[in-house]
Structure formats: C-alpha cells, structure tokens
Amino acid sequence: MVFEHDSPRTFLKAVLLERIQKNPRYSLRGMAKQVGLSPSSLSDVLKGKKRLSVLSASRVAEKLGLRAREREYLILLVQLDKAAPQESREMFLRRLRQLNPKRPVHDVSLDSFRAISEWFHLPMLELSRIEGFDLEPRTISRALGISIPEAEAGLDRLIRLGHLIKNPDGTWQKSLNHWVASSRDPHEALRKFYRQMLDRASESLEAVRPTERVTGSETFPMDSSLIEEARELSEEFFSRLVELSARSSKRDTVFHAALHLFPVTRRTQ
C-alpha cells in the first residue's frame with residue numbers, strides 16, 4: 001500500500017480511511033494509539049501541520065507491520081519531505097524509484113482510479129457549485145454523510161489531481177465542467193462506483209420523500225440488436241438533464257441520475 005503514495009501524510013490518511021471503511025467505529029485516536037503517536041500529533045501530520053521524524057516513521061512502520069522494503073520506502077518519503085537541497089532530493093527520488101520501479105513517484109494513476117471508484121468524489125466536486133457552500137471537511141462530512149477523514153482524504157485527492165481549483169477569493173471550482181469515465185470492457189473502478197451509487201439509490205427509497213426524487217422503471221421485450229440505439233437515447237437523456245441543471249436559477253442540492261438498461265432473461269438459442 002505504501003508504494004502507492006508520494007508522501008507520508010497521504011499514506012497515513014489512506015491507512016486510516018481503509019480501516020474506517022472496514023470498521024466505522026475505528027478512529028484517529030485508535031490509530032494514534034496503535035502506531036505510538038499522540039492523537040494531536042497524528043492529527044497534525046494528517047493536516048500537514050507537522051512532519052513525521054525518521055524515528056517516528058520507523059516506529060509507525062513497525063506497528064503497521066510493514067515489510068523491510070515498505071519500511072525503507074516510508075522512511076525515504078519522510079526524508080524526501082524534509083530534504084531541502086536539490087541534490088539530496090534527487091538521491092532520495094532515485095532510491096524510491098529503485099524500490100518501486102513500476103510506479104514513478106508523483107504518478108497519480110491510482111488516485112485517478114480512486115476518484116472514479118469511491119462514490120463521494122463526484123458529489124464533492126458538485127458541492128463546489130452549490131451557492132454559499134463552504135467546501136471544507138466538516139461541512140462535506142455533514143452534507144454527504146461520510147466521515148471527516150473520508151472528506152479530508154477525498155478533498156486532498158481532488159485538489160492534488162487538479163479537479164478542484166481554489167479561486168483568489170478563497171472559493172473552489174471544478175477544473176472541468178463535465179468529464180466522462182466510460183469503458184466498453186469490464187472495469188472494476190466503474191463497477192465499484194456503480195455498486196456504491198446503487199446502494200445510495202436503495203437508501204433513498206426509505207430516506208427521501210417521493211416528492212424529492214424521481215423513481216420509475218419499465219420492463220419490455222426488444223430486439224437486442226437495437227442496444228446501440230438505446231444507448232444513444234440514454235446519452236440524449238443525460239445531456240438534457242445537464243442542460244436542465246445549467247438553466248437552474250439556483251443550485252441548492254446535488255443530485256445523481258442513473259439509468260440501467262440490461263437483459264433480465266437469458267438467451268435460449
């Protein structure tokens with residue numbers, strides 16, 4: 001896991017986020033106790049207010065059960081974080097690449113994968129377009145019903161990938177008005193995203209009043225060779241929804257629309 005990161009802070013955030021997702025009762029305080037740091041020290045490291053020392057990084061690596069190469073990688077990230085002279089930085093970068101030659105430092109391909117597969121990233125982007133919304137972890141947490149560590153990690157990732165840009169007046173905006181992730185082949189990132197959004201849709205049946213949502217379905221027989229034409233109709237539908245959003249005089253809520261057209265019968269011949 002540590003090889004996926006280019007700073008100690010993002011690695012520790014990812015560890016905390018993964019454990020919270022597995023056990024919602026897990027907390028920053030629990031992780032601090034496990035790795036031998038005070039809760040305030042760990043919090044400062046995660047917020048970028050404080051840097052890990054080499055000694056602390058070695059202790060953290062041991063407590064997390066990192067293997068020798070992983071431990072060295074984490075310590076090198078700490079040293080790189082502290083290194084000022086360019087010569088020293090180049091030395092640490094060379095060793096990091098030797099330890100993990102398949103993934104150059106600063107490659108954000110995995111972050112891009114996560115931005116697709118974790119459901120809350122896209123709604124987080126759209127919150128930047130809600131009038132008067134203060135885009136910071138605590139308000140994001142309340143708005144999306146996610147934990148503060150999840151909100152912090154998601155916000156950091158979107159900023160680092162360049163999907164969110166800070167304006168001179170302190171507000172945030174999306175770098176692109178509209179972007180699409182699609183694949184004609186099975187793709188685990190997209191499958192994960194859609195599974196999570198289907199879970200949100202299922203929850204909305206109980207939590208959201210019918211007057212505040214649109215729900216409906218149709219079941220019908222059709223020539224399977226017309227699936228491409230059906231795909232074109234769905235793209236037209238989504239385009240018209242985007243136009244409807246653009247005509248909104250006031251944006252006060254983030255919505256998610258999904259259309260699923262799939263065979264429920266198996267071919268017999």
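**Exercise 1. State in which helix Ser 43 is placed, and decide whether Ser 43 is buried or exposed.**

Step 1. Ser 43 has its place in helix α3, and the structure in which it is examined here is a predicted model.

Step 2. The relative accessible area of Ser 43 is 18%, and the cut-off for a buried residue is under 20%, so Ser 43 counts as buried.

Step 3. For a position in space, take Ala 32 as a reference: Ser 43 and Ala 32 are 11 residues apart in sequence, and their C-alpha atoms are 8.7 Å apart.

**Exercise 2. Describe how helix α1 and helix α3 pack, and find which residues make the contact.**

Step 1. Two packed helices are described by the angle between their axes together with the distance between those axes.

Step 2. For helix α1, residues 8-22, and helix α3, residues 39-47, the angle is about 115° and the axes are 8 Å apart; the crossing in which α1 passes α3 is left-handed.

Step 3. On the side of α1, the contact is made by Arg 9, Leu 12, Lys 13 and Leu 16, while α3 contributes Leu 42, Val 45, Leu 46 and Lys 47.

Step 4. Sorted by character, the residues of this contact between α1 and α3 comprise 5 nonpolar and 3 charged, with no polar residue among them.

**Exercise 3. Work out which residues Leu 17 touches beyond four places in sequence, and whether Leu 17 is buried or exposed.**

Step 1. Leu 17 belongs to helix α1, and because its relative accessible area is 7%, Leu 17 is buried.

Step 2. If residues up to four places away in sequence are not counted, Leu 17 touches Glu 150, Ala 153 and Arg 157.

Step 3. Of these partners, Ala 153 lies in helix α10; the C-alpha atoms of Leu 17 and Ala 153 are separated by 7.7 Å, although the two residues are 136 residues apart along the chain.

Step 4. Seen from the other side, Ala 153 is also buried, with a relative accessible area of 6%, and, with the same neighbours in sequence left out, Ala 153 touches Lys 13 and Leu 17.

Step 5. A further pair involves Thr 10, which is 143 residues from Ala 153 in sequence and 7.8 Å from Ala 153 in space, C-alpha to C-alpha.

**Exercise 4. Locate His 163 and explain why His 163 counts as buried.**

Step 1. His 163 lies in the loop between α10, residues 148-160, and β1, residues 164-166.

Step 2. The relative accessibility of His 163 is 19%, and since buried means under 20%, His 163 counts as buried.

Step 3. Apart from neighbours within four places in sequence, His 163 is in contact with Leu 125, Leu 158, Gln 173, Lys 174 and Ser 175.

**Exercise 5. Characterise the second largest pocket by its volume and its lining.**

Step 1. The second largest pocket holds about 260 Å³ of space, and 13 residues line it, those nearest its centre being Gln 21, Trp 119, Glu 150, Gln 196 and Arg 200.

Step 2. The elements giving two or more residues to this lining are α1 and α11, residues 188-207, with α11 supplying the largest share, 4 residues.

Step 3. By character, the lining divides into 5 nonpolar, 3 polar and 5 charged residues.

**Exercise 6. Find how many helices and strands the chain has, and what share of its residues is buried.**

Step 1. The chain has 12 helices and 2 strands, and of its 269 residues, 33% count as buried.

Step 2. Among contacts with a separation of 6 or more, 57% are between residues 24 or more positions apart.

Key
Residues are numbered from 1 along each chain as its sequence is written. This is a predicted model: local features need pLDDT of at least 70, side-chain atom pairs count only at pLDDT 80 or more; totals for chains, interfaces and linings use all residues. Side-chain values use heavy atoms; hydrogens and water are left out. Axes are lines fitted to C-alpha atoms, for helices over the stretch in contact, and angles run from 0 to 180 degrees between N-to-C directions. A crossing is left-handed if the near helix is turned anticlockwise from the far one by less than a right angle, and right-handed if clockwise. Contact means heavy atoms within 4.5 Å. Ala, Val, Leu, Ile, Met, Phe, Trp, Tyr, Cys and Pro count as nonpolar, Asp, Glu, Lys and Arg as charged, and the others, Gly among them, as polar. Buried means under 20% relative accessible area, exposed over 50%, partly exposed in between (1.4 Å probe, protein chains only). On a 1 Å grid over the protein atoms alone, a cavity is a set of points where a 1.4 Å probe fits but cannot get out, and a pocket is an open set with protein on both sides within 12 Å along at least five of seven lines; lining residues have an atom within 4 Å of a point. Grid points are joined across faces, edges and corners, and a volume is the space filled by probe spheres set on the points.
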